[in-house]
Amino acid sequence: MKRFKNILVAFDGSSDSVQALKAAETLAKDQQAQLTIAYVDDNPDRQETVYLAYDSAASEDLNLSQSQPVIPGPMPVVPPHIEERRIQTDGDDTEPDVIIAGAKNRISEVAEVTYEILTGKAAETLTNYANDHDIDLIVAGNRGISGMKKLFMGSVSQKITNEASCAVLVVK
């Protein structure tokens, strides 16, 4: 069997990705390989939207001028003092850092582990990362977290299998 030196595992916190993580960890230990755990954030709007509400007296204290751009959208109803209010644009409570922390908590003792938060379409981003970082094996769960659970092999794992130029292990 070919010795794997660099293993990439796709992790999104789903039960299938947890199984993929376990399989990748075992392979990394057996092969004495570098393990990279990657989460792909496919929501470019995940950044929080910040609305700043202020009254005219407070705006003088902050040196805010009338010429500053105004972003269209609803202004929250706030008391007449400065208040910063953060609203997540996608309504999703899963932050990439939380998901990566979940992976860190599940990993035991692999010599070399790196964690990556990538942005883009999952399959394309993972295969590009694999090509750019000399990855020998991509490990992915059969199905991940998506807006609609799939009945068959998940579209991301299927695309990775079709597009990757390295070996791919899909774990159920």
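Trainee: Okay, so two strands pair if DSSP finds at least two bridges between them. Which strand pairs with S6 over 5 bridges?

Mentor: That's S7, residues 167-171, and the two run parallel. Keep in mind that this is a predicted model. For one matched position, look at Ile-138, which stands opposite Val-168 in S7.

Trainee: And which strand pairs with S6 over 3 bridges?

Mentor: S1, residues 6-10, again in the parallel sense. There, Leu-137 of S6 is the bridge partner of Ile-7.

Trainee: What about S6 itself, is it mostly covered or open?

Mentor: Mostly covered: S6 spans residues 137-141, and 5 of its 5 residues are buried.

Trainee: Which residues sit on which side?

Mentor: Leu-137, Val-139 and Gly-141 are on one side, with Ile-138 and Ala-140 on the other, and they are all buried. In a regular strand, side chains alternate between the two faces of the sheet.

Trainee: Switching topic, what order do the strands come in across the sheet?

Mentor: It's an open sheet of 5 strands, S5-S2-S1-S6-S7, with parallel pairing.

Trainee: Why do S5 and S7 each have a side without a neighbour?

Mentor: They stand at the edges with a single partner strand each, so one side of each has no neighbour in the sheet. From one strand to the next, the twist averages 25 degrees.

Trainee: How many bridges join S2 to S5?

Mentor: There are 7, and those strands run parallel. Among the matched positions, Asp-41 stands opposite Thr-119 in S5.

Notes
Residues numbered from 1 in each chain as written. Predicted model: local features only at pLDDT ≥ 70, side-chain atom pairs only at ≥ 80, totals over all residues. Heavy atoms only, no water. Buried < 20%, exposed > 50% of the residue type's maximum accessible area, 1.4 Å probe, protein only. Helix = DSSP H or I, 4+ residues; strand = E, 2+ residues; numbered from the N terminus. Axes fitted to C-alpha atoms, helices over the stretch in contact; angles between N-to-C directions.
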